[in-house]
Amino acid sequence: MKIFLRAVLILALAALGVWLWTILFPSPEKMIRGQLMKLARDVSFSQTENDFVKLARAQIVAGFFSTNVEVNLNVPGRESQTFAGRDEITQLAMAARQTVGSLDVKFPDVNVAVAPDKNSATADVTVEATVSGQRDAIVQEMKFTFEKIEGQWLITKVETARTLSILNFESPENFS
């Protein structure tokens, strides 16, 4: 009976050790998913935010990106837009908060692929955004590129994923 109790105690301690290890040292995939969930939360805003909160949250959003980030957005039905740098991200976040009443952003589908060197990764993300005053949510596939910079996973590039809805079917070279 003593051997059985010792074996159970050893297994329980081993399980506790493994659990503690995963909490203290999460995998890169888990860290990136967490970053994206925080980004979705901080990009979202309501009409009741005061100007100080708007500015603070816009700066928090910019903190998810590297200083030399590139953002290329090509949303169907809208003009293609390109942004570069953390300052432009802050300005964009502030402009959105000034012009749109509220915004609710969710990332319901996230697929993370970490490079073998464990210092870069890509995340294919479904972005679902609900804007006040619009009946339908905006759903768009995006690709986020991350780099581990000074121990933090920062976004270095964002681009619209090329899906069949964006491809020009009249041009055969789009299928190569």
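Which residues in H3 meet which residues in H4? The legends below start with that contact, and the model they describe is predicted.

**View 1. Helices H3 and H4 pack against each other.** Here you can follow helix H3, residues 51-62, alongside helix H4, residues 86-99. Their axes are 8 Å apart and make an angle of about 145°, and the crossing is right-handed.

**View 2. A closer look at the residues where H3 meets H4.** From H3 come Asp51, Lys54, Leu55, Arg57, Ala58, Gln59, Val61 and Ala62. H4 answers with Arg86, Ile89, Thr90, Ala93, Met94, Arg97 and Gln98. By character, the residues of this contact divide into seven nonpolar, three polar and five charged.

**View 3. Six strands form an open sheet.** Reading across, you will meet the strands in the order E2-E1-E6-E5-E4-E3, and their pairing is mixed. At the edges sit E2 (81-84) and E3 (103-114), each pairing on one side only. Neighbouring strands are turned against each other by 25° on average, direction ignored.

**View 4. Strands E3 and E4 pair in the antiparallel sense.** Strand E4 spans residues 120-131 and shares 10 bridges with E3. One bridge to look for joins Val110 to its partner in E4, Val125.

**View 5. Helices H2 and H4 meet strands of the sheet.** Helix H2, residues 28-43, packs on the sheet and touches E1 (65-73), E3, E4, E5 (138-149) and E6 (152-160). The direction of H2 makes about 165° with that of E3. H4, familiar from the opening views, lies across E1, E2 and E6 and runs at about 60° to E1.

Terms used. Residues numbered from 1 in each chain as written. Predicted model: local features only at pLDDT ≥ 70, side-chain atom pairs only at ≥ 80, totals over all residues. Heavy atoms only, no water. Axes fitted to C-alpha atoms, helices over the stretch in contact; angles between N-to-C directions. Helix = DSSP H or I, 4+ residues; strand = E, 2+ residues; numbered from the N terminus. Left-handed = near helix turned anticlockwise from the far one by under 90°. Contact = heavy atoms within 4.5 Å. Nonpolar A, V, L, I, M, F, W, Y, C, P; charged D, E, K, R; others polar. Pairing = 2+ DSSP bridges.
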